[in-house]
Amino acid sequence: MPLKDLPPDARPREKLLARGPGALGDTELLALLLRTGLAGKSVLQLAQELLDEFKGIAGLLHASADDLKRIKGLGGSAKRAELVAVLELARRALAEQLRERAALDTPQAVQHYLQLQLAARAHEVFAALFLDSQHRLIALEELFRGTLTQTSVYPREVALRALHHQASAVVLAHNHPSGSTTPSRADEALTQTLKAALALVDVRVLDHIIVAPGQALSMAEKGLM
C-alpha cells in the first residue's frame with residue numbers, strides 16, 4: 001500500500017513528528033530515508049527487502065555502495081548515495097565521540113566504530129586507533145591488508161606511526177571476513193609481539209578488537225592481553 005493511502009497516524013513521517021523516532025520500526029525509519037518505492041513495490045516493501053537482504057540495520061550499515069547496487073531500485077546513484085552518506089555520518093559521529101571522551105570509557109562505541117570501518121571488508125585489514133594520554137582518539141589508520149600474521153604485520157611500522165601521532169596508547173583492530181570473531185593463535189601471538197615492540201617506545205597496547213559483520217570481540221575483555 002502506498003504511504004499516501006495509509007491513515008495519517010500510520011504514515012512514518014507523521015508518526016515520527018507526532019510520537020518521536022522511537023515510535024517507528026526499522027522498516028519505517030528506512031522508508032523515510034528512501035522516500036519512494038518502485039512500480040509495484042511500495043517504499044515500505046523496498047525498505048523491508050533491504051533489511052532482509054542485509055540481515056537487519058547492522059548489516060545494512062556495513063553495506064558498500066556496490067553492495068546496495070544489487071537491490072532493484074538502488075541501481076541509480078541518488079538513493080545509494082544517501083544511504084552511504086548516512087553510514088559515513090554514523091562513522092564521523094562515533095569518531096567525534098571518541099575524540100571528546102576517553103575511548104575506554106565508551107568501549108561499545110569503540111567496537112561500533114571499528115565495525116563500521118572494517119567489518120564489511122572482503123579481505124583482512126589491520127588497523128590501529130592511536131590515542132593520547134587521556135585515551136582520546138587521535139587517528140584511526142589502516143596499516144596492513146591481506147592475511148595477517150606476525151610476518152605480514154610489521155611492528156616497526158606500527159611503532160613509527162605511533163611516534164608520528166605522538167600517541168601514548170593504541171587499540172589494535174582487525175576484521176575476520178569469515179564472520180567469526182574468535183581469536184586465532186596467530187592473533188594472540190601477534191598481539192604479544194606488538195605489545196612488546198610498542199613498550200620499547202613507551203606506547204601501551206590497551207586492546208585488540210576483532211570485528212565481523214554484526215559483532216566484535218575485545219581480547220582485553222577475554223583476558224587475552
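In this predicted model, the largest pocket is lined by E53, F54, K55, A58, G59, H62, A63, D67, R70, A120, P213 and G214. Its volume is about 300 Å³. If you sort that lining by character, five residues are nonpolar, three are polar and four are charged.

Now to the nonpolar interior. The largest nonpolar core has 23 residues, and L114, L129 and L131 have the most contacts inside it. Several helices and strands each supply at least two residues of this core; here they are with their residue ranges:

| Element | Residues |
|---|---|
| α6 | 78-100 |
| α7 | 107-118 |
| β1 | 125-131 |
| β3 | 169-175 |
| β4 | 204-212 |

The largest share of this core comes from α7, which gives six residues.

L114 is a good residue to click on if you want to look around. Setting aside neighbours within four places in sequence, L114 is in contact with A119, L129, L140, A173, I209 and V211. Apart from the largest core lies another one, made of 16 residues, including F126, F144, V153 and V205.

Where does β4 fit in? This strand is mostly covered, with eight of its nine residues buried. β4 also runs parallel to β3, and seven bridges join the two strands. To find your bearings along this pair, look for H174, which stands opposite I210 in β4. Both β3 and β4 are also among the elements that each supply at least two residues of the largest nonpolar core.

Notes: Residues are numbered from 1 along each chain as its sequence is written. This is a predicted model: local features need pLDDT of at least 70, side-chain atom pairs count only at pLDDT 80 or more; totals for chains, interfaces and linings use all residues. Side-chain values use heavy atoms; hydrogens and water are left out. A nonpolar core is a set of buried Ala, Val, Leu, Ile, Met, Phe, Trp, Tyr and Cys residues joined through side-chain atoms within 4.5 Å. Buried means under 20% relative accessible area, exposed over 50%, partly exposed in between (1.4 Å probe, protein chains only). Helices (H or I, at least four residues) and strands (E, at least two) are DSSP runs, numbered from the N terminus. Contact means heavy atoms within 4.5 Å. On a 1 Å grid over the protein atoms alone, a cavity is a set of points where a 1.4 Å probe fits but cannot get out, and a pocket is an open set with protein on both sides within 12 Å along at least five of seven lines; lining residues have an atom within 4 Å of a point. Grid points are joined across faces, edges and corners, and a volume is the space filled by probe spheres set on the points. Ala, Val, Leu, Ile, Met, Phe, Trp, Tyr, Cys and Pro count as nonpolar, Asp, Glu, Lys and Arg as charged, and the others, Gly among them, as polar. Two strands pair if DSSP finds at least two bridges between them.
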